[in-house]
Amino acid sequence: MAQSSETTDWVSRFADDVIEESERRAPGKPVVVASGLSPSGPIHLGNLREVMTPHLVADEIRRRGYQVRHLISWDDYDRYRKVPAGIAGVDESWAEHIGKPLTSVPAPKGSAFPNWAEHFKSAMVEALAELGVEFDGISQTAQYTSGVYREQILHAMKHRGDIDAILDQYRTKKAPGKKPQQKAVDEAELEAEEGSGAAAEDDGSSGSAGYFPYKPYCGECGKDLTTVTSYDDDTTELSYTCTACGFGETVRLSEFNRGKLVWKVDWPMRWAYEGVIFEPSGVDHSSPGSSFQVGGQIVGIFEGKQPIGPMYAFVGISGMAKMSSSRGGVPTPGDALKIMEPQLLRWLYARRRPNQSFKIAFDQEIQRLYDEWDKLAGKVAGGTSQAIGTGGGSALPGDVAAYTRAVGTAAGELPKTPRPLPYRTLASVADITAGHQDQALRILSELDPANPITDLADARPRYDKAEAWINTYVPADQRTIVREEPDAELLKSLDEEGRESLRLLVDGLADNWSLDGLTHLVYGVPKVRAGFSADATAKELPPEIKTAQRTFFALLYHLLVGRDTGPRLPTLLLAVGQERVRALLGE
């Protein structure tokens, strides 16, 4: 029974629809959801939405006690279309393999894997394991070359006229005109989905011999630059020639396993073969005349039905306009998991509906995202999630649902950091200590003297993620280097107010040596200097106190790290240590 839309999230609503549809189409059988990935290059964070959308729905269905299969079709029998830029161990000599199946292309130099497809597939498999994604992988190379789809291929060839008639409805149609700015957005999204490998597939060859929805790979050069010249339905004899090398042969399609259906026929064939109930599609597959729309008609030829299929929107990266796997340096799920825990990455996909675009932060924004995540975790742990609309301390049901889906699956909770200290604090500590773990532990143990961290393992893996972010994505000129010697010239130039402010800070260090204590101290010094209590709230203070605080903070940063800004001052002071702070502040 469907739940109220006011109290459910997008995942639950899709799960309702999928269960209902599955019971109508295949009662008593496992619910089938699907994803398709082409390992044509690095499988990036845009492609991850192809997996996370059905994963979240499948997991919700499992939580309700149903059996579910999440299929991931590895489109490793797709043609190698171009040499991606920026891939280590790959040069222009790989261009000679264009047109071959991805599993027939050599892996990059130095790879431990047997071919191009396996090399890029392996990184995604590893990331999905860390993300807690349970799936059944299907290699399309294995399916086609073992003859699994033989009957479907023969059926498609027998009904090639019907397929051609459906495709012909769209061949001359043009999409409605778009405003320039909308066109630019669409181009960015299309480029983001390039990694699927399907966008550039043709819909079959039409020549003097007619239309054929099947492409053989050449028996001589191994490429798909072939043209079917004749086919006999009774004998299944198929003749083709290769435009790349000139080779030609006649084969019996009832025994031949070196070729595949063209994409716009292959995809609906698989829907019918696997009984797929739910499969999302990227924007490149959802426009007028594209593969999802056309597939909805072609699937009937295979006596199947089109799955429920939401279109998913663009996933961006903070600081990058768009993603494309044809360009070097495009972040992958593995890259993201080096700097963030899997729970946070899952949350980013769970909290947005598939048709909503969002960005994944590799810049300073990651600290704000973690703050938001920790705040939500606190609300959920505090049991405030049931109070809807009763003030700033409560979490809405949709937020709680996204949190729950992020921290675990139907199989259980994902491994987590025992003491999840603020990410920005851990990043500052990693920045200042520059890899010295004993120093990092000293600082972390002093953050909360009443409940000290005694083992760095308690702060892991979050500490390691923050350290990786600092070392990988923070420019060298933004790294924190503590001064070796006091800035004698600056100290000498200070007026009475500046000197008195430093004295108040230094005098309070010993009694306030914790993260909370130092926070109270550094914010309190300008208040006391102005004649107010250190405990005075913002409402009790005149606006100029904020200006005085900013001036004081800038002075401390200059004296400690020689810059106007840096890590949060309480963390910085703890990192530098009492003795060194006193020395650098002129004591």
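Trainee: What makes Arg460 and Asp464 a salt bridge?

Mentor: The term requires a side-chain nitrogen of Lys or Arg within 4 Å of a carboxyl oxygen of Asp or Glu; the side chains of Arg460 and Asp464 meet at 2.8 Å, N to O, so the pair satisfies that definition. This is a predicted model, in which local features need pLDDT of at least 70 and side-chain atom pairs count only at pLDDT 80 or more, while totals for chains, interfaces and linings use all residues. Residues are numbered from 1 along each chain as its sequence is written, and side-chain values use heavy atoms, with hydrogens and water left out.

Trainee: Why is Asp464 called partly exposed?

Mentor: Buried means under 20% relative accessible area, exposed means over 50%, and partly exposed is in between (1.4 Å probe, protein chains only); Asp464 has 30% relative accessibility and therefore counts as partly exposed, and Arg460, with 23%, is partly exposed too.

Trainee: How do you know whether Glu60 is buried or exposed?

Mentor: Glu60 has a relative accessible area of 10%, and is therefore buried, whereas Arg64, its salt-bridge partner with the closest N and O atoms 2.8 Å apart, is partly exposed at 28%.

Trainee: What makes Asp374 and Arg462 a pair that ties parts together?

Mentor: Their side chains meet in a salt bridge at 2.9 Å, N to O. Asp374 lies in helix H12 (residues 365-381) and Arg462 in helix H16 (residues 462-473), so the pair ties together parts that are 88 residues apart in sequence. Arg462 is buried at 2% relative accessibility, while Asp374, at 22%, counts as partly exposed.

Trainee: How many salt bridges does this rule give?

Mentor: The count comes to 34 salt bridges.

Definitions and conventions. Helices (H or I, at least four residues) and strands (E, at least two) are DSSP runs, numbered from the N terminus.
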